[in-house]
Amino acid sequence: MDTPLSLLMGRAVRASRPVYATLELTYTCNFACRFCYNPVERRNQRRTKPLPKPDLKPLAFEEILGVLDQLREMGVLYLTLTGGEPLTHPRFWDIAYAAKARSFAVRVFSNAALITEAVADRFHDLAPYCLEISVHGAKDETAEALNQVKGSHQALLRALGHLSARNIRVYLKCVVTRLVQDELSEIKALGDRFGYPVFFDPVLTISDDGEEYPLDLQASDEVLRKLYLADGLNIGNSPFQREPGDLNCTVAAGTIHITPGGEIQPCTQWKQAVGNVRERPIQETWATSPILEEARKVSREMPELIRQGTDHHAFCHHCPGLSLLRYGDARRLEDQYVRVARIRAGVAAEEAAKAGPRVGIRS
């Protein structure tokens with residue numbers, strides 16, 4: 001069923017007007033997650049080449065304020081502050097309050113380890129639209145094996161208690177890896193304990209520089225099958241989920257992404273820089289970039305290409321940015337999405353068989 005938000009998004013996408021913006025404040029993080037895709041080398045990652053040294057100076061606070069003003073003028077409604085870990089940015093609270101003062105619905109992506117009672121009080125005062133918090137396991141040892149920080153899981157539990165006590169809207173997100181695949185029900189129960197929904201994402205993102213070490217952690221087919229059963233768990237890496245048959249995605253039409261160094265990208269996953277906020281106004285880049293126009297063209301074409309590319313197209317999503325990064329071709333279906341579509345189709349067939357034939361009602 002259409003909602004006011006989905007209707008608004010549909011109109012915005014058709015008019016190529018950004019509704020969502022993501023602002024990466026920093027690549028710095030207090031965790032060292034083994035599957036992290038950010039261009040910062042972490043421990044125990046199977047890299048084949050060293051990372052290039054960053055060549056862009058991070059945006060100064062005054063430059064970030066200028067970005068916020070431009071995004072507001074462009075009609076952006078939802079602003080996501082992310083990283084790295086955004087709370088490690090020295091001006092995080094100044095930026096967050098500046099965004100709220102400009103009437104953005106502020107989302108914050110965090111690992112929550114830095115959220116003490118005092119920080120939770122500040123979030124209560126800020127009143128963000130939501131916090132989206134990563135969960136790396138249901139047990140200390142599982143989480144610590146993934147994010148490589150001692151005490152991280154207990155810090156998460158304390159943070160969730162502080163946030164829940166202050167009635168702050170939180171969505172929990174869990175990337176389904178082989179390290180957590182036996183704890184998914186427990187992770188769901190953890191969310192229930194604090195009154196927060198958990199969204200499980202079965203697709204792993206390769207690194208920003210094309211390294212495939214995150215794929216070493218893929219979960220089994222059987223685990224993914226259980227996720228999609230009728231009595232399974234929530235699937236999706238955000239509360240803004242798509243359903244089969246919806247528009248493929250809003251890359252470069254409803255979304256825009258800004259990196260810590262001010263590069264403008266079609267979205268968080270399409271890693272081609274189309275300009276820099278230091279060079280010319282964001283609106284000008286948005287209206288004239290040939291890369292953005294190509295991204296919009298790809299998004300328009302993908303529903304038909306998905307139908308042509310897999311027998312399980314009704315169950316298949318596609319991330320053109322991930323395909324571009326992995327294969328150099330935004331139109332090629334990414335293997336993980338094809339795998340998930342096959343599993344979903346199998347589950348749907350199983351459950352249809354269990355339900356039996358429909359009995360008609362004679363009038």
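**Exercise 1. Helices α2 and α3**

Is the crossing of α2 and α3 right-handed or left-handed? Determine also the relative direction of the two helices and the composition of their contact.

*Solution.* The structure is a predicted model.
- Step 1: the axis of α2, residues 61–73, comes within 10 Å of the axis of α3, residues 92–101, and the two cross at roughly 20°.
- Step 2: angles under 35 degrees count as roughly parallel, and therefore α2 is roughly parallel to α3.
- Step 3: the handedness of the α2 and α3 crossing is right-handed.
- Step 4: on the α2 side the contact is made by Phe61, Ile64, Leu65 and Leu68, and on the α3 side by Asp94, Ile95, Ala98 and Ala99.
- Step 5: sorted by class, the contact of α2 with α3 holds seven nonpolar residues, one charged residue and no polar ones.

**Exercise 2. Helices α6 and α7**

Describe how α6 and α7 meet, and classify the residues of their contact.

*Solution.*
- Step 1: α6 spans residues 152–165 and α7 spans residues 184–194; their axes come within 9 Å and cross at roughly 30°.
- Step 2: from α6, the residues His153, Leu157, Leu160, Gly161 and Ser164 meet Leu190, Arg193 and Phe194 of α7.
- Step 3: the contact of α6 with α7 divides into four nonpolar, three polar and one charged residues.

**Exercise 3. Two residues of one loop**

Assign isoleucine 206 and aspartate 209 to their exposure classes, and list their contacts beyond neighbours within four places in sequence.

*Solution.*
- Step 1: isoleucine 206 is located in the loop that runs between β6 (198–201) and α8 (221–227). Aspartate 209 also lies in the loop between β6 and α8.
- Step 2: buried means under 20% relative accessible area. Isoleucine 206 is therefore buried, because its relative accessibility is 0%. Aspartate 209 has 22% relative accessibility and so counts as partly exposed.
- Step 3: outside its neighbours within four places in sequence, isoleucine 206 touches Tyr37, Glu211, Glu212, Pro214, Leu215, Leu322, Leu325 and Arg326. With the same exclusion, aspartate 209 is in contact with Arg47, Lys49 and Leu51.
- Step 4: from isoleucine 206 to glycine 261, 55 residues apart along the chain, the C-alpha separation is 21 Å. Between aspartate 209 and serine 134, 75 residues apart in sequence, the C-alpha distance is 22 Å.

**Exercise 4. Confidence**

What pLDDT does the protein average, and over which residues is the pLDDT below 50?

*Solution.*
- Step 1: the average pLDDT of the protein is 91, and 95% of the residues score at least 70.
- Step 2: the pLDDT is below 50 over residues 238–246, a stretch that has 22 contacts in the model beyond near neighbours in sequence.

Definitions and conventions. Residues are numbered from 1 along each chain as its sequence is written. This is a predicted model: local features need pLDDT of at least 70, side-chain atom pairs count only at pLDDT 80 or more; totals for chains, interfaces and linings use all residues. Side-chain values use heavy atoms; hydrogens and water are left out. pLDDT is the predictor's confidence in each residue, from 0 to 100. Contact means heavy atoms within 4.5 Å. Buried means under 20% relative accessible area, exposed over 50%, partly exposed in between (1.4 Å probe, protein chains only). Axes are lines fitted to C-alpha atoms, for helices over the stretch in contact, and angles run from 0 to 180 degrees between N-to-C directions. Angles under 35 degrees count as roughly parallel, over 145 as roughly antiparallel, 65 to 115 as roughly perpendicular and the rest as oblique. A crossing is left-handed if the near helix is turned anticlockwise from the far one by less than a right angle, and right-handed if clockwise. Ala, Val, Leu, Ile, Met, Phe, Trp, Tyr, Cys and Pro count as nonpolar, Asp, Glu, Lys and Arg as charged, and the others, Gly among them, as polar.
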